[in-house]
Amino acid sequence: MTTTTERAVGQPHRRVEGPDKVTGAARYAAEYQVGDDLAYGWVVQSPVARGTLTAVAVDPLVEADDVLAVLWHGNAPRLGKADDPELAVLQNDRISYRGQAVALVVARTLEAAREAAASLQLAIDAEPHDTVLRADHPDLYTPEKVNPDFPSESSTGDVDAAFAGAAVRVDVTYRTPALHNSPMEPHATTALWAGDDLVLYDSNQHPPGIAATVGALFDLPAARVHVITEHVGGGFGSKGTARPNAVLAAMGAKVTGRPVRLALPRQALFSMVGHRTPTIQQIRLGATADGKLTAVDHQAVGHTSRLFEFAEQTAVSTRHMYEAPAVRTGHRLARLDMPTPRWMRAPGEAPGMLALECAMDELAGSLELDPVELRVRNTGFDSYRKCLGLGADRFGWHDRDPRPRRRREGDWWIGTGVAGATYPAMIQPSSARARRQPDGDVEVSIAAADLGTGARTVLTQIAADALGLPYDRVRVRIGDSTLPQASVAGGSSGTASWGWAVTGACRALRESGGLDEATFDSTALVEKLNQEGKHAFGAHFAEVRVDAVTGEVRVSRLYGMYAAGRILNPRTARSQFIGGMIMGMGMALHEESVLDPAMGTWVTHDFAEYHVPVHADVESIEAEWLDDPDEGLNPMGSKGIGEIGIVGSPAAILNAIHHATGIRVRDLPARLDKLLPSL
Amino acid sequence: MKTFTYRTATSLDEGLEPGATFLAGGTNLVDLMKLGVATPDVLVDVTKLPLDEVSDRPDGGLRIGAGVRNSDLAVHPRVRQDYPVLSQALLAGASGQLRNMATTAGNLLQRTRCRYFMDATMPCNKHEPGSGCPAQEGDHRNLAILGGSPSCIATHPSDMAVALTALDAVVQTDRRSLALGDLYVLPGSTPEQETVLSHGELITSVDLPDPRGKSAYRKVRDRASYAFAVGSVAAVLRVDDGTVADVRLAFGAVAPKPWRAYRAEEALRGRPATRSSFLEAADAELAAATPLRDNAYKITLIRNLVASVLEGLA
Amino acid sequence: MDLRVNGEPHSLDLDPRTTLLDALREHMGLTGAKKGCDHGQCGACTVLLDGRRVNSCLILAVTLDGASVTTIEGLSHPVQEAFLEHDGFQCGYCTPGQICSAVGMLAEADGASLPDAEIRERMSGNLCRCGAYPNIVAAIREVAAR
């Protein structure tokens with residue numbers, strides 16, 4: 001007998017773990033009950049940006065009954081080799097940035113740990129520091145590669161000649177500040193040793209990666225580190241690799257012989273877990289009088305740290321976004337006495353497309369050409385063209401008077417803006433296992449992490465279809481490093497990568513002729529796949545109003561139209577798109593880590609000072625998409641959707657501000673103090 | 001957080017032992033204790049004292065108990081009807097949760113949000129007199145343009161206090177009555193001293209005189225809600241026959257205390273209630289402003305707000 | 001001190017420095033209320049104290065002798081189902097705070113009409129970095145309209 005099962009993929013299934021999340025039952029890394037002897041760790045951070053730590057003195061009276069250990073480089077256990085030098089915590093006397101972990105207190109109570117940490121006396125030989133990124137920084141250099149593995153520079157045609165000979169030219173510099181991922185759940189680890197094996201309840205985006213990295217530091221094979229990551233309170237890139245909290249918690253547990261819980265305080269996230277580098281980007285665009293690009297030049301400056309090189313791929317998307325006979329891009333870095341930048345949602349694309357898409361708007365203004373039409377004329381990607389055209393119709397773009405500063409309602413200047421979006425479709429090798437249960441249900445296992453992306457739900461849908469079973473007959477287990485190895489939940493690659501492995505395992509089980517279990521490893525297939533030139537596209541449209549009295553900006557409408565492969569779950573996909581767009585709104589209007597050069601650090605290090613959007617900032621927002629499956633890419637025909645929402649949405653808002661007011665803000669965020677003097 | 005002993009206050013005038021601090025809603029004090037910026041040895045909880053009443057005064061005014069929660073005060077029928085500036089200011093502050101916790105007196109006595117003050121690892125003349133004020137050269141985009149000194153340019157963060165300043169509120173303590181304007185002291189060379197209150201002196205209520213005109217509060221911040229002001233204006237205005245009969249104006253987020261704009265008021269009384277008068281009055285007050293590198297925008301902001309708020313009331 | 005949590009009486013002997021949030025999470029096994037900032041700046045720790053929404057991270061537990069606290073674990077409210085239907089969360093970390101705040105907010109509104117702008121303003125003390133705001137507002141709108 002054949003039963004027909006409705007395809008699960010494409011259905012708006014609710015989140016599998018939703019009931020746990022709305023009742024408080026979902027457990028995050030710092031919430032596991034691991035025994036009566038749990039101890040608490042608190043990190044001590046450097047108060048200077050550069051120098052050496054020569055001694056640590058403990059006040060014998062402070063929390064004397066409760067302090068179990070005070071670790072610093074003078075007494076901390078020696079660690080194995082770290083690929084990431086920031087994980088070699090408490091191993092030497094060098095201080096490379098303000099906020100670096102220089103000591104760890106472990107105490108019986110949270111209160112005692114915090115107070116003992118605050119009372120430690122650090123003897124530091126401070127040295128002059130350099131924390132300011134400048135376009136003329138004397139030490140700027142060109143890195144060999146930018147992330148993840150692109151050449152730093154690219155050049156086709158003769159850009160200088162093409163630019164010099166262009167009928168219409170734009171030469172502008174855009175600046176973006178340092179930004180912080182700021183997931184709602186601070187990075188946290190509960191660590192315990194079971195014999196010589198290590199168990200980490202850790203908040204991260206890649207349990208197998210954490211197991212391997214932390215294992216290497218403690219001279220353990222990855223298989224002897226058990227990382228449990230059932231729920232993750234957001235990451236946005238900052239939890240892609242092990243952070244110092246995991247290492248310190250394991251170290252504290254080893255020294256005290258107790259389970260140790262280390263939840264970083266919010267303030268520490270602003271120096272210890274990464275940020276998006278500030279950028280200074282010069283864009284030069286040349287075009288013919290009828291709006292065909294002849295020259296595109298995008299030169300980006302960012303920073304890295306003294307510890308190791310992290311090179312944000314800021315200008316890389318400019319290499320493919322538009323067609324021009326002459327395109328040149330480049331990246332330069334300064335090594336500063338700052339924390340190492342890290343991945344933050346759409347690394348490269350988010351700041352880079354801000355600059356490119358605002359410059360395109362400036363070019364449209366110079367050409368007196370509709371900004372949507374300018375983009376349509378210069379792209380070779382049909383799906384991008386469709387997003388622009390259909391998005392413009394759905395948004396109601398065509399009613400606008402193209403001239404800036406024309407529409408006023410009461411105290412409000414009103415304007416609209418557009419910007420394109422792109423994000424590469426990436427796939428990484430992963431493995432999965434499908435196992436038939438006694439009742440005929442199937443359990444699918446993969447060491448993936450669900451940061452709120454909906455991965456658990458979408459993988460259940462993919463598995464159900466591959467098995468030919470109803471959705472509710474499949475259970476997906478993730479969030480555990482001992483499950484079949486999965487790639488990182490990053491680069492918008494999770495669903496495509498894990499889904500491929502899950503599909504493979506489920507099909508193998510279905511076709512096995514009655515076996516109880518099947519596994520699948522996508523490595524060979526993924527390595528054969530040509531991923532080059534595969535991108536998702538989108539178009540963002542914004543309507544803003546700017547208060548002529550105060551300079552306050554409100555985003556009345558924000559709209560995104562995407563071509564991002566097959567959408568596997570419209571309910572969770574829409575949430576990811578609009579979530580990215582809202583983070584883009586924050587980037588455009590609110591978010592800035594403010595540097596004090598004298599102090600050598602950012603002085604914004606909490607949610608009262610580092611502003612992210614709140615409920616009241618988000619008015620009308622909508623995301624829609626084209627039916628755009630790419631069957632050649634993976635068995636689901638999907639592309640990643642987690643990041644594209646933050647790409648271009650900031651530029652759409654900035655362009656709308658210009659349309660509303662005639663003011664071009666070229667250094668983010670577009671706060672009222674930058675608008676008010678010219679309103 | 002440094003450890004402390006805790007006790008509840010049992011009478012209004014029992015005072016405080018050395019090293020002790022009153023605890024009310026805790027929204028600011030507990031925050032600062034966690035940061036190591038406030039380090040009391042003793043916390044004396046005043047929330048069990050009978051200070052949570054709002055009552056009519058014989059002169060037509062209102063007495064607001066020091067322990068009344070901000071959310072309750074904001075929706076009190078008389079506040080809504082007769083003192084809209086106060087209701088609006090309260091509702092513009094913090095969040096629903098924090099307003100349920102914060103008290104009248106605690107709100108008045110909250111400390112600055114200056115980013116250097118809020119970080120115990122930074123120099124700050126309020127933490128440690130003589131350690132310096134990095135804000136002068138560093139981050140001061142949201143710090144004072146009026147009333148600051150080379151020692152300190154912190155701003156007072158309250159919205160409610162700005163409204164109360166424009167309402168000519170009087171603070172009652174267990175020892176005396178004080179015009180609200182006299183409660184705060186400017187930093188000068190002793191920024192660690194923020195009010196005239198003695199150690200152990202307890203604010204028991206805030207008295208409002210009878211309502212004397214139309215009133216409004218407008219707050220501007222860097223996002224649409226749940227943020228401290230970058231500038232605000234509270235105004236009480238009475239216009240007779242197109243002429244300003246009475247006006248009281250206070251500015252927020254521009255000075256170390258809620259800034260009563262006496263010069264602007266002086267310039268307005270008896271003048272036509274027009275936009276040009278309002279702008280001239282604002283200019284009269286703001287002539288004394290001493291902006292630094294990154295906060296001159298506040299002059300334009302306050303000037304525009306004064307005109308806009310007064311136009312709305314005229 | 002004595003504290004009633006989700007209807008159950010608890011007798012606690014706590015460090016005076018222990019906040020209500022830490023008392024719930026570290027001493028009572030109630031980890032539903034989240035620690036997002038520990039300074040009253042995010043709302044993830046929101047619980048109902050004697051029926052009113054508060055930031056449990058800024059309340060010293062020692063001040064609460066005789067009080068009654070409701071956490072997400074003790075709630076059974078239509079807002080929870082509405083969050084599921086409208087996808088009012090992604091990572092879920094702000095969710096217990098959003099839900100407790102919504103329940104408190106609806107009680108404060110006491111049946112008054114709540115246009116979207118009013119819901120947004122009243123809910124602004126609860127940050128959501130995933131950007132689930134429009135879905136949260138939709139969920140609350142649906143319940144408020146009943």
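How many residues does the contact take from chain B and from chain A? In this predicted model, chain B gives 32 residues and chain A gives 31 residues. Together the two chains bury about 2,700 Å². Carbon and sulfur atoms account for 57% of that area. On the chain B side, B:Arg115, B:Arg223 and B:Ala224 supply 24% of the area buried against chain A, more than any other three residues.

Polar and charged groups also join the two chains. Three salt bridges are counted between chain B and chain A. One salt bridge links the side chains of A:Asp547 and B:Arg218, at 2.7 Å from N to O. Polar contacts between chain B and chain A number 12 residue pairs, both residues at pLDDT 80 or more. On chain B, the elements α1 (29–35), β9 (214–221) and α11 (297–313) each supply at least two residues of the side that touches chain A. α11(B) gives the most, with six residues. By class, this side of chain B holds 14 nonpolar, six polar and 12 charged residues.

Chain C was examined next, beginning with its strands. Strand β3(C) covers residues 46–49. C:Thr46 and C:Leu48 point one way from the strand, while C:Val47 and C:Leu49 point the other way. All four of these residues are buried. In a regular strand, side chains alternate between the two faces of the sheet.

β3(C) pairs with two strands. Its pairing with β4(C), residues 52–55, is antiparallel and runs over four bridges. Within that pairing, C:Thr46 has C:Asn55 as its bridge partner. The two strands form a hairpin with two residues between them. C:Asp50, in the turn, has a positive phi of about 45°. The pairing of β3(C) with β5(C), residues 68–70, is also antiparallel, over two bridges. Here C:Leu49 is matched with C:Val69.

Helix α1(C), residues 20–27, is mostly covered, with six of its eight residues buried. The buried residues are C:Leu20, C:Leu21, C:Asp22, C:Ala23, C:Leu24 and C:Arg25. Their cover includes α2 (110–119) of chain A. It also includes β1 (2–5), β3 and β5 of chain C. The strand β3(C), itself made of buried residues, is thus among the elements that cover the helix. After α1(C) comes C:Gly29, with a positive phi near 70°.

Technical notes
Residues numbered from 1 in each chain as written. Chains lettered and ligands numbered in written order. Heavy atoms only, no water. Contact = heavy atoms within 4.5 Å. Buried area = accessible area lost by both parts, 1.4 Å probe. Salt bridge = Lys/Arg side-chain N within 4 Å of Asp/Glu carboxyl O. Polar contact = N/O pair within 3.5 Å; in protein donor to acceptor, adjacent residues only side chain to side chain. Nonpolar A, V, L, I, M, F, W, Y, C, P; charged D, E, K, R; others polar. Buried < 20%, exposed > 50% of the residue type's maximum accessible area, 1.4 Å probe, protein only. Pairing = 2+ DSSP bridges.
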